[in-house]
Amino acid sequence: MNVEAMSLQDFRGKLEQLSEGIPGQDMSDEERVRRAKRAFMQKLNGHRAVDLDSCLQCGMCAEACHFYEATQNERYAPVYKYRPLRRFYRREMSPMRWFYRPFTRDITAADLKEWQHLVYDACTGCGRCDMICPMGIKISAAIRVVRHGLAAAGYVPPEMRVLRNEQRDQNTLFGVGAEQLKALVEKLGAQGISVPLDREQADVMLLTTAVEVLLFPDAFAATARILNKSGADWTIRSDVFEAANVGIITGDDPTMSLAIRRIVDKAKACGVKTVLMPESGHAYQTLRWEGATEMGGALPFETLSIPEFISGEVQAGRLNLKAQSNGASVTYHDPCRLSRKGGVMQQPRDVLAALGLDVRETPSNQRENYCCGGGCGEYVLSGAADLRQKAFEIKRREFEETGADAVVTGCANCRINLLIGAENSGWETPVTSLVETVAANLAD
Amino acid sequence: MTLLDFASGPGMQWALWIFVFGVLWRLVGALFLLSRKDLTKPRQYNSVAAGLGAIISRSAPAHAFEKRILFQHVTGYVWHFALFISVLFFAPHILFFESVLGFGWPHLPNTIILITAIIATAVLITLLIRRATHPVQRFISNADDYISIFVVLIPLITGILAFAHVGGRYETLLAIHLLSVEVMLIWFPFGKLMHAIMTMPARYQAGTAFGRRGVKA
């Protein structure tokens with residue numbers, strides 16, 4: 001299969017134009033601070049309080065952060081990225097607030113503006129810092145609360161704001177809606193790949209992403225072929241197919257809830273037993289690990305990531321793979337939201353091993369894996385390109401240490417960032433997806 | 001009432017009350033902030049085992065991080081062990097604990113206590129210097145970070161001086177040592193010394209949060 005896709009070059013051009021002519025969000029400074037504080041108050045729960053009260057300020061978290069490691073800029077220490085939240089907690093919510101208040105500076109609109117760079121450009125929310133903290137503090141969760149505050153205060157970076165508004169208001173991303181999906185399905189049909197579009201009832205509802213439709217249609221085709229081969233009773237809906245959730249990326253709760261609700265409502269209407277997430281780490285994390293809580297109750301279906309699904313089908317004997325014997329080696333890049341934030345680490349390795357590939361591990365892998373450098377939508381931020389490239393170089397060194405022939409990953413966001421990084425630095429090792437690797441080796 | 005009478009009497013009593021009440025106030029206040037229940041379906045896991053597992057696993061860095069934080073890891077262990085031995089196994093300290101708790105335990109020879117106290121002091125001074133000079137630590141530090149070091153450092157130094165009878169009359173040195181301990185106890189619930197209490201709940205909640213997703217914390 002080979003479906004015509006937008007070139008990486010064109011997609012990069014599209015990214016650069018994203019925020020052109022987008023005005024800032026007009027708001028008084030007082031209003032920004034008020035809204036940020038309200039968001040902090042809503043999100044600051046007992047878990048975060050215990051975390052904030054436990055911090056030793058040892059600074060070890062900096063040693064886990066790819067942005068700190070790449071730049072040695074102390075402002076990128078993860079502990080510093082949630083400083084506004086800590087200040088707010090100490091002044092307004094801590095049991096010791098009566099003591100801290102006179103000694104703790106209040107947050108200002110200028111702080112919020114400054115932290116926009118620190119929590120959007122210089123943090124992908126990958127959570128590697130969560131794994132190093134000797135106190136077990138979920139640092140990335142605290143930083144996410146800061147993102148919530150900034151989103152409420154109108155400080156979402158313009159590129160992300162455009163995408164959030166598009167998803168919220170038009171239910172599309174990058175202009176990809178039902179029409180574009182249908183066009184892709186038709187093209188695949190012409191190549192003999194059947195996609196059961198818009199069925200009213202099915203056991204499995206597949207989601208995809210605008211990025212996959214535009215840039216990686218081969219991955220979508222591969223997923224369809226795998227589903228067909230496994231004999232799954234499946235569908236993809238042209239009215240609700242977007243798995244990505246810009247709400248969670250930006251810290252905008254209403255958009256996050258809306259995007260989850262669209263999927264949940266459609267899955268319920270179609271009576272599906274499984275919602276299958278495409279290769280998108282944050283999309284999986286959102287529905288699988290936040291969906292039920294966000295919707296206020298258990299969901300009537302299970303949410304599976306692609307590696308979990310494939311691994312399960314292989315084990316159940318419904319999907320047979322051809323094991324290669326050419327000694328080809330690969331290294332698997334763990335998307336952070338599938339691995340340490342999602343618990344999907346062994347399955348992709350099992351699948352690659354079942355393909356007869358020599359799976360080589362990077363020095364930091366699975367729960368300690370380095371982020372691709374532009375995870376969770378960070379790759380759309382044009383102002384952070386240099387920073388991302390520096391972080392990518394860490395990743396590149398890790399890959400090179402394995403000596404593997406190719407890099408395989410299970411997240412389109414990671415794949416884009418790795419491809420852009422590779423293109424920038426003239427690195428030629430192929431970066432591909434798990435689904436395409438599997439679909440190229442389906443046995444009868 | 002002499003200075004020593006005050007330090008070993010009402011001073012210590014008040015310091016202990018502030019310590020106990022302050023710790024409980026801060027701990028309960030943080031723990032009882034409401035958290036939304038996680039309604040997602042967990043992977044198969046045992047929350048107690050995951051929580052307790054994290055208490056143990058976070059005592060050492062994961063392999064990928066070892067080299068980058070080796071200095072802090074090693075000094076952290078040396079510091080805490082040396083401190084605990086000096087505080088808990090010095091004969092006069094045990095007499096004090098016995099007077100408060102009603103029971104005591106065997107003590108270590110004074111020479112060992114002197115050595116551990118000197119090691120603890122040296123390591124803490126090293127960590128203080130690191131905090132003031134390491135780019136990240138210096139940048140993120142605030143008054144609490146330095147106060148918390150000094151309020152522990154001073155009892156160590158005054159303890160060693162009192163033990164060695166150096167720098168003044170023994171009674172005066174002892175009174176100053178006791179007063180410095182009282183300052184430390186009073187500061188404890190307000191600053192980051194509180195980590196000694198928070199370690200367990202913080203690690204436990206990390207263990208359960210990761211555990212329900214099938215990830216080892």
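Tutor: Let's kick off with a rule: two strands pair if DSSP finds at least two bridges between them. Also keep in mind that this model is predicted.

Student: Okay, which residue in β7(A) stands opposite Val330(A)?

Tutor: Start with the strands: β5 (residues 329-333) and β7 (residues 406-409) of chain A run parallel and are joined by four bridges. That satisfies the rule of at least two bridges. Look across from Val330(A) into β7(A), and you'll find Ala406(A).

Student: And which residue in β8(A) stands opposite Thr409(A)?

Tutor: β7(A) also pairs with strand β8 (residues 431-433) of chain A, in the parallel sense, over three bridges. Here the residue facing Thr409(A) is Ser433(A).

Student: Which helix does the chain cross through from β7(A) to β8(A)?

Tutor: The two strands pair in the parallel sense. The chain links them by a β-α-β crossover, and this one is right-handed. The helix in the middle, residues 412-425 of chain A, is α22.

Student: How many of the 14 residues of α22(A) are buried?

Tutor: A residue counts as buried if 20 or more other C-beta atoms lie within 10 Å of its own. In α22(A), those that pass include Ala412(A), Cys414(A), Ile416(A), Leu418(A) and Ile420(A). The helix is largely enclosed by the rest of the structure, because the number of buried residues is 11.

Student: How far does α22(A) reach from its first C-alpha to its last?

Tutor: The helix has 14 residues, and at 1.5 Å a residue you'd expect 20 Å. Just after it, Gly426(A) takes a positive phi of about 65 degrees. The reach of α22(A) is close to what's expected, at 20 Å.

Student: Now the open sheet of four strands: which strands stand at the edges?

Tutor: Its order is β2-β1-β3-β4 in chain A, with parallel pairing. For instance, β1 (residues 204-206) and β2(A) are joined by two bridges, and Met205(A) has Thr235(A) as its bridge partner. An edge strand has a single partner, so one side of it is left without a neighbour in the sheet; that fits β2 (234-235) and β4 (302-304) of chain A.

Student: What radius of gyration does chain A have?

Tutor: Chain A has 23 helices and eight strands, and its C-alpha trace spans about 70 × 45 × 40 Å along the principal axes. Of its 444 residues, 58% count as buried. A compact globule with that many residues would come out near 22 Å, and chain A agrees because its value is 22 Å.

Student: Which helix gives the largest share of the side of chain A that touches chain B?

Tutor: The contact takes 46 residues from chain A and 48 residues from chain B. On the chain A side, α3 (46-54), α5 (78-81), α9 (128-132), α17 (281-289) and α18 (291-295) each supply at least two residues. By class, that side has 22 nonpolar, 13 polar and 11 charged residues. The largest share, seven residues, comes from α3(A).

Student: Last one: is Leu33(B) buried or exposed, or somewhere in between?

Tutor: Leu33(B) is in the loop between α1 (3-31) and α2 (47-57) of chain B. Setting aside its neighbours within four places in sequence, Leu33(B) is in contact with Asn45(A), Gly46(A) and Ala49(A). Being buried takes 20 or more neighbours and being exposed takes 12 or fewer. Leu33(B) has 17 C-beta neighbours inside 10 Å, so it counts as partly exposed.

Terms used. Residues are numbered from 1 along each chain as its sequence is written. Chains are lettered from A and ligands numbered from 1 in the order in which they are written. This is a predicted model: local features need pLDDT of at least 70, side-chain atom pairs count only at pLDDT 80 or more; totals for chains, interfaces and linings use all residues. Two residues are in contact if their C-beta atoms, placed from the backbone, lie within 7 Å. Ala, Val, Leu, Ile, Met, Phe, Trp, Tyr, Cys and Pro count as nonpolar, Asp, Glu, Lys and Arg as charged, and the others, Gly among them, as polar. The radius of gyration is taken over C-alpha atoms; the globule rule is 2.2 Å times the number of residues to the power 0.38. A crossover is right-handed if, with the strands pointing away from the viewer, the path from the first strand over the helix to the second runs clockwise. The expected span of a helix is 1.5 Å times one less than its number of residues.
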